[in-house]
Amino acid sequence: MLRVTNNESICELLDRLCAVVPDYPQPGISFKDLTPVFADPVGLRRLVDELIAPFAGTFDIVAGLEARGFVLAAAAAYASGTGMLTIRKAGKLPREVYRDDYTLEYGSAALELHKDEIAPGTRVLVLDDVLATGGTVGSSVRLIERAGGIVAGVGVILELEALGGRKNLGGHRVLSLQTV
């Protein structure tokens with residue numbers, strides 16, 4: 001059953017469909033769970049349409065960051081008639097990779113990208129669910145650029161503005177559907 005109305009703003013949609021989980025993944029953090037939005041067929045379509053429309057004609061492929069970014073990137077690639085680039089957590093890709101280590105708001109990690117995944121000059125739209133400190137998204141931007149790609153822009157559903165993640169994205173164009 002389609003539950004999202006056509007006159008509902010994207011922020012109203014997110015406020016209504018997101019589940020807020022207090023003290024997750026650690027005390028003091030209120031986690032906005034987007035899976036109910038992904039499960040809603042019109043909600044998912046609205047997210048994807050609103051993330052890719054401002055970048056129409058400027059990208060050749062969509063990059064999704066593990067794991068929730070995969071949901072967005074796969075849907076966006078299909079909707080835009082492009083392919084999808086997977087940026088994975090360290091140790092998940094079987095061929096030769098570029099690796100980038102970064103810090104998170106509560107830890108550290110690494111992302112990887114296959115070295116032969118994109119041709120130099122490929123324009124890449126990076127999609128993820130949340131922009132917090134910019135660690136994960138910034139790491140993906142560095143990987144794409146190291147591989148010779150051109151970052152066409154970054155699209156996220158939620159931006160945690162107080163954490164200042166935009167400053168870690170090298171001045172790239174960033175679209176966030178909701179700032180919290």
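Asp 23 is partly exposed, with a relative accessible area of 49%, where buried means under 20% relative accessible area, exposed over 50% and partly exposed in between, for a 1.4 Å probe and protein chains only. The model is a predicted one, in which local features need pLDDT of at least 70 and side-chain atom pairs count only at pLDDT 80 or more, while totals for chains, interfaces and linings use all residues. Residues are numbered from 1 along each chain as its sequence is written, and side-chain values use heavy atoms, with hydrogens and water left out.

Asp 23 lies in the loop between strand 1 and strand 2; helices (H or I, at least four residues) and strands (E, at least two) are DSSP runs, numbered from the N terminus. The phi of Asp 23 is near 60°, a positive value in a residue other than glycine. Pro 25 is placed in the loop between strand 1 (19-22) and strand 2 (30-33), and the peptide bond that leads from Tyr 24 to Pro 25 is cis, with omega near 5°. A cis peptide bond also runs from Glu 66 to Ala 67, with omega near 5°, and Ala 67 is found in the loop between strand 3 and helix 4. Most residues other than glycine have a negative phi, and most peptide bonds are trans.

The strands lead next to an open sheet of seven, in the order 5-6-4-3-7-8-9 and with mixed pairing, where two strands pair if DSSP finds at least two bridges between them. Strand 5 and strand 9 (174-179) stand at the edges, each with a single partner strand, so one side of each is left without a neighbour in the sheet. On average, and with direction ignored, neighbouring strands of this sheet are turned by 25° against each other; axes are lines fitted to C-alpha atoms, for helices over the stretch in contact, and angles run from 0 to 180 degrees between N-to-C directions. Strand 5 (residues 97-104) runs antiparallel to strand 6, joined to it by eight bridges, and in strand 6 Val 97 has His 114 opposite, while Leu 111 is the bridge partner of Asp 100. Strand 6 (residues 107-114) also pairs in the antiparallel sense with strand 4 (residues 83-89), over two bridges, and Arg 88 stands opposite Glu 112 in strand 6.

Helices pack on this sheet and on one another. Helix 3 lies across strand 7 (123-131), strand 8 (150-159) and strand 9, running at about 140° to strand 9, with contact meaning heavy atoms within 4.5 Å. Helix 3 (residues 41-52) packs with helix 4 (residues 68-80) at an angle of about 70°, their axes being 10 Å apart. The two helices, helix 3 and helix 4, are therefore roughly perpendicular to each other, in a scheme where angles under 35 degrees count as roughly parallel, over 145 as roughly antiparallel, 65 to 115 as roughly perpendicular and the rest as oblique. In helix 3, Leu 44, Val 48, Leu 51 and Ile 52 meet a set of helix 4 residues that includes Val 71, Leu 72 and Ala 75.

Helix 1 (residues 10-17) packs with helix 3 at an angle of about 140°, with axes 11 Å apart, and helix 1 and helix 3 are therefore oblique to each other. Ile 10, Leu 13 and Leu 14 of helix 1 make this contact with Gly 43, Arg 46, Leu 47 and Glu 50 of helix 3.
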